[in-house]
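Thanks for coming. I will go through one structure today, beginning with a single residue and working outwards.

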Amino acid sequence: MRAIQCARFGGPEVLELVETGEPSGDGLLVEVSAAGVNFADTSRIAGSYHPVPPLPFIPGTEVVGRTSDGRRVLAHTFAGGGFAERVLVAADAAATVPDDVTDTQALALLVQGLAAWHILRGSARLAAGETVVVNAAAGGVGTLAVQLARCFGAGRIIAAASTPERRALALSLGADAAVDGAADGYADRVRAANHGRPVDVILESVGGRVFTAGLDVLAPFGRLVTFGNASREGRPALDPGDLAERNLAVAGFWLRPALALPGAYAEPLRELFTLTAEGRLRPQVGAEYPLGEAARAFTDLLARRTTGKVVLRP
């Protein structure tokens, strides 16, 4: 079968289309109709993602396709293997996709959708009426978090994004205000967007100076959830004393261990599927690339030329 292989660590140029053997072993064999591309995949092929996969490997952690009995499923493949014509998945990782949810919508709901759901419900403990700031609000997690925050009862949603076009997208998805997400002046802009008041929750995936600026604008008992470092500026120092002065909480989030908890996978996905089918949640559909153009898909993703869910089609 055809697959994308990474035989050495590096940038998009290391991705090669190869002929490889059929997958074998335990699990469900899925004929892949679409595979999702995530920003984390760029770190995996660079060798900077934990755990570092042994070389060579087939990237790809989420697929939509058909099982041998014709069932259309969405499944995670966290060990890799998704960028291929066929892949084996664990039976409990396969969720049946409703007919009125498209392949690309379903893929947007797996990693990004579940991350947004768990961050808001679990890590942030968002309460009705609270103000939430979504950084990188035009990204995969951000666009869904803006919408889910509304579904979950947020009182005010402030989107932070890098360009006027991305801020306009966040506003069209239900944000009450949108600000430039750059580190310089971040706290002042967010406070102004909240009528001069601090905010209750910040969803933070940029890292570096934006992380530090976010702490400055949190209200007493505010929560900042960090789940990424897109700026790649390094990890800022954090003084527990500063947190104690305002009873602040900083939580880290990583999806994989979260999904190991009872009820953390299939149940949230069912809610996300239902919200999508009802039109209350609009996963953003992005570009589609043939499997053999995986390197171009990664290049466009890294250059921020894409919006919405990026997929490969075998």
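Is Leu-312 buried or exposed? Keep in mind that this is a predicted model. The relative accessible area of Leu-312 comes out at 0%, and the cut-off for buried is under 20%, so Leu-312 counts as buried.

Where does this residue sit? Leu-312 belongs to strand β15, which covers residues 309-313. If we set aside its neighbours within four places in sequence, Leu-312 is in contact with Ala-34, Ala-35, Val-37, Phe-83, Tyr-289, Pro-290, Leu-291, Ala-294 and Ala-297. For a sense of distance, take Gly-153: 159 residues separate it from Leu-312 in sequence, and the two C-alpha atoms are 35 Å apart in space.

Now the annotation. The UniProt record, an unreviewed entry, places the feature "domain: Enoyl reductase (ER)" at residues 10-312. Over residues 10-312, the chain is 32% helix and 25% strand. The C-alpha atoms at the two ends of that stretch are 20 Å apart.

Next, some antiparallel pairing. Strand β3, residues 28-37, runs antiparallel to β4, and 4 bridges join them. Val-32 has Gly-65 in β4 as its bridge partner. Gly-65 also stands opposite Val-73 in β5. β4 and β5, the latter being residues 72-76, pair in the antiparallel sense over 5 bridges. Together β4 and β5 form a hairpin with 5 residues between them, and in the turn Gly-70 has a positive phi of about 90°. How much of β4 is covered? Of the 5 residues in β4, which spans 62-66, 4 are buried.

On to the open sheet. It has 6 strands with parallel pairing, in the order β10-β9-β8-β11-β12-β13. Why do β10 and β13 have one side without a neighbour in the sheet? β10 (177-180) and β13 (249-252) stand at the edges with a single partner strand each, so one side of each is left free of a neighbour in the sheet. On average, neighbouring strands of this sheet are turned by 20° against each other, direction ignored.

At the β10 edge, β9, residues 156-161, pairs with β10 in the parallel sense over 4 bridges. One residue pair to look at is Ile-158 with its bridge partner in β10, Ala-177.

Two helices that pack on the sheet come next. Helix α3, residues 140-151, touches β8 (131-134), β9 and β11 (199-204). The direction of α3 makes about 170° with that of β8. Helix α5, residues 186-193, packs on the sheet as well, touching β8, β9, β10 and β11. The direction of α5 makes about 165° with that of β10.

I will stay with α5 to finish. Which of its residues are buried? They are Tyr-186, Ala-187, Val-190 and Ala-193. Seen down the axis of α5, these buried residues fall within an arc of 130°, so they line one face of the helix. That set of buried residues packs against β8, β9, β10, β11 and α6 (208-216). On the other side of α5, Asp-188 and Ala-192 are exposed. After α5 comes His-195, which has a positive phi near 60°.

That is where I will stop.

Notes:
Residues numbered from 1 in each chain as written. Predicted model: local features only at pLDDT ≥ 70, side-chain atom pairs only at ≥ 80, totals over all residues. Heavy atoms only, no water. Pairing = 2+ DSSP bridges. Axes fitted to C-alpha atoms, helices over the stretch in contact; angles between N-to-C directions. Contact = heavy atoms within 4.5 Å. Buried < 20%, exposed > 50% of the residue type's maximum accessible area, 1.4 Å probe, protein only. Arc of directions from axis to C-beta. UniProt positions renumbered as here; feature names shortened; annotations may be inferred.
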